[in-house]
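Reader: I'm new to protein models and would like some help reading one. Could we go through it together?

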Amino acid sequence: MRVSVPATSANMGPGFDTLGIALRMKNQVVIKPSKFHSVSLKGEGSNNPALKDNNMFISIFNDFYHNLSTKRRNFRFEFFNEVPMSRGLGSSSAVIVSAIASAYAIEGIELPKPKLLNLALAYENHPDNITPAVMGGFNVATVQDNEVKYIKKDMPKYLKAIVVIPNRPISTHMSRKTLPYKYSKDDAVFNLSHASLLTAAFMTENWEMLRIASQDKFHQKYRMKQMPELFEVQKTSLKAGSLMSTLSGSGSTFFSISHADDCRKIEKELKAKFPHFRVFVSDFDNYGVRVDK
Ligand SMILES: Nc1ncnc2c1ncn2[C@@H]1O[C@H](COP(=O)(O)OP(=O)(O)O)[C@@H](O)[C@H]1O
Ligand SMILES: N[C@@H](CCOP(=O)(O)O)C(=O)O
């Protein structure tokens with residue numbers, strides 16, 4: 001059985017804890033019944049031996065598997081990870097979503113995506129990464145009475161993401177602590193109006209509006225101060241023709257969107273200016289978590 005979950009970019013500027021989008025890069029796990037428990041890792045995390053013994057995926061999988069099954073089978077878990085950890089690309093959401101989906105699938109129990117999304121909420125209390133991880137596409141999400149309420153929009157193929165991954169991580173947990181405890185009414189209205197405009201721009205495919213609508217006063221500048229080169233990444237990307245360029249989740253990755261015709265030029269300029277960062281073009285994912293039995 002194989003489960004794959006896409007990377008996600010949350011916030012998208014002003015949509016703090018609300019907006020998120022799924023990218024084509026993904027984490028995959030292949031699970032096979034086996035005599036003994038074993039774990040193999042390829043890609044991101046493979047140089048971290050601790051992940052073989054103390055792995056968030058295995059502990060969430062076990063929580064669900066032990067609840068769903070009376071049998072005590074052992075499994076071989078083969079991980080193929082493309083989503084870097086603590087870089088603002090939703091690695092923890094990818095792990096949570098794939099572990100829950102895997103436990104149900106291995107027991108042959110149907111798990112509708114909205115139910116999976118609500119189960120994932122117990123492990124990550126903001127819905128902006130888990131929603132696109134489960135559903136794919138661009139999503140607006142909120143939590144009401146312990147349920148995620150969301151609206152999804154598929155992304156067109158003629159738009160691409162340009163992803164800049166710095167060589168240093170930022171932990172989401174630590175990064176949230178750097179944010180102000182309170183915001184002024186002006187800042188609240190600024191973010192409310194920009195997030196609303198950004199959402200409307202996605203829904204109506206008014207891409208030229210993204211540059212203005214993606215501005216934020218809630219979190220980016222506080223977080224980007226931890227890695228000041230990110231201000232230059234944003235400037236370079238916008239100058240080279242991006243439609244929008246925002247911190248991805250809590251960082252450190254920077255996420256831009258452009259027309260397909262412009263993406264290689266933007267990628268080239270970012271690569272030339274930031275040779276120590278990983279820069280690449282990605283398609284969007286419109287499907288979300290995928291289970292192949
Ligand atoms: N592939 C993985 N396998 C196991 N645990 C993972 C994996 N990816 C992420 N994690 C867990 O998630 C944590 C990173 O979460 P977080 O700081 O929220 O990063 P991100 O911004 O990528 O979601 C890691 O320290 C690790 O505990
Ligand atoms: N809304 C959250 C999003 C965190 O995303 P991640 O990919 O960095 O885990 C936040 O801004 O803290």
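**A hairpin, two domains and a ligand**

Author: Let's start small: valine 143 sits opposite valine 148 in strand S6. This is a predicted model, where local features need pLDDT of at least 70 and side-chain atom pairs count only at pLDDT 80 or more, while totals for chains, interfaces and linings use all residues. Residues are numbered from 1 along each chain as its sequence is written, and chains are lettered from A and ligands numbered from 1 in the order in which they are written.

Reader: How many bridges join strand S5 to strand S6?

Author: Strands are DSSP runs (E, at least two residues; helices are H or I, at least four), numbered from the N terminus, and two pair if DSSP finds at least two bridges between them. Here S5 (residues 138-144) and S6 (residues 147-153) run antiparallel, joined by seven bridges. They make a hairpin with two residues between them, and aspartate 145 in the turn has a positive phi of about 50°.

Reader: Which domains does the chain have?

Author: Domain bounds come from an automatic or database assignment. It gives domain 1 (2-154 + 286-292) and domain 2 (159-282), with C-alpha centres 24 Å apart.

Reader: And where does ligand 1 lie?

Author: A residue is near a molecule if its C-beta atom, placed from the backbone, lies within 6 Å of it. For ligand 1, 20 residues surround it, the closest being Met56, Ser86, Ser91, Ser92 and Thr172. Helices H2 (56-68) and H3 (91-106) are the elements giving two or more residues to this shell. Both domains contribute residues to the shell, so ligand 1 lies between them.
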